[in-house]
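Visitor: Please take me through one part of this model up close. Pick a single residue, then work outward from there.

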Amino acid sequence: MLLIIGIILVIAGYTILFKVPSDAPPERLMIQAFMGMGISIAGAIFLMIYIYRRSQ
């Protein structure tokens, strides 16, 4: 379950990060950049927990 959640969060984070239009205002750029990075990092944490549990 952690693997699926982690993969979905990483994909969602990158999608948010790269779907910012180039002519968007700077505030929107910053919000979407932070949201995309945060969601991707959360997904990476889930994947790290999954790998840690599988290694034991």
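**A close look at one residue**

Guide: Let us start with Ser40, which is buried, with a relative accessible area of 12%. Buried means under 20%, so Ser40 qualifies at 12%. Keep in mind that this is a predicted model.

Where does Ser40 sit? Its place is in helix H2. Now look for its partners. Set aside the neighbours within four places in sequence. Ser40 is then in contact with Leu9, Val10, Gly13 and Tyr14. Find Gly13 in that list. Gly13 is also one of the buried residues of H1, together with Leu2 and Gly6. Seen down the axis of H1, these buried residues fall within an arc of 35°, so they line one face of the helix. What covers them? Helix H2 (26-55) is included in that cover.

Now turn H1 around. The face turned away from its buried side carries exposed residues: Ile4, Ile8, Ile11 and Phe18. H1 itself runs over residues 2-18, which makes 17 residues. From its first C-alpha to its last it reaches 24 Å, close to the 24 Å expected at 1.5 Å a residue.

Go back to H2. This helix has 30 residues. Its reach is 43 Å from first C-alpha to last, close to the 44 Å expected at 1.5 Å a residue. The buried residues of H2 are Gln32, Gly36, Ser40 and Gly43. H1 is included in what covers them. The cover goes both ways, since H2 also belongs to what covers the buried residues of H1.

Next, follow H2 from Ser40 to Gln32. Gln32 is found in helix H2 too. Its relative accessible area is 15%, and it is buried. Again leave out neighbours within four places in sequence. Gln32 is then in contact with Ile16, Leu17 and Val20. What about Leu9, one of the contacts of Ser40? Gln32 and Leu9 are 23 residues apart in sequence and 15 Å apart in space, C-alpha to C-alpha.

Val20 deserves a stop. It lies in the loop between H1 and H2. Not counting residues up to four places away in sequence, Val20 touches Leu29 and Gln32. Check Ala33 as well. Val20 and Ala33 are 13 residues apart along the chain, and their C-alpha atoms are separated by 8.3 Å.

Now for the exposed residues of H2. Take Pro26, found in helix H2. At 55% relative accessibility, Pro26 counts as exposed. Exposed means over 50%, so 55% puts Pro26 in that class. How far is Pro26 from Ile5? The two are 21 residues apart in sequence and 30 Å apart in space, C-alpha to C-alpha.

Ile41 comes right after our starting point in the numbering. It is also found in helix H2. Yet Ile41 counts as exposed, at 52% relative accessibility, whereas Ser40 is buried. Ile41 has company as well. Together with Met30, Phe34, Met37, Ile45, Met48 and Ile49, Ile41 makes a nonpolar surface patch of about 690 Å².

So much for the tour. To retrace it, start at buried Ser40, cross to its contact Gly13, then find exposed Ile41.

Technical notes
Residues are numbered from 1 along each chain as its sequence is written. This is a predicted model: local features need pLDDT of at least 70, side-chain atom pairs count only at pLDDT 80 or more; totals for chains, interfaces and linings use all residues. Side-chain values use heavy atoms; hydrogens and water are left out. Helices (H or I, at least four residues) and strands (E, at least two) are DSSP runs, numbered from the N terminus. The expected span of a helix is 1.5 Å times one less than its number of residues. Buried means under 20% relative accessible area, exposed over 50%, partly exposed in between (1.4 Å probe, protein chains only). The arc is that of the directions from the helix axis to the C-beta atoms. Contact means heavy atoms within 4.5 Å. Patches are made of residues with over 30% relative accessible area and no salt bridge: like charges are joined within 9 Å, nonpolar side chains (Val, Leu, Ile, Met, Phe, Trp, Tyr) within 5 Å. Accessible areas come from the Shrake-Rupley method with a 1.4 Å probe; for residues, only the protein chains shown count as cover. A salt bridge is a side-chain nitrogen of Lys or Arg within 4 Å of a carboxyl oxygen of Asp or Glu.
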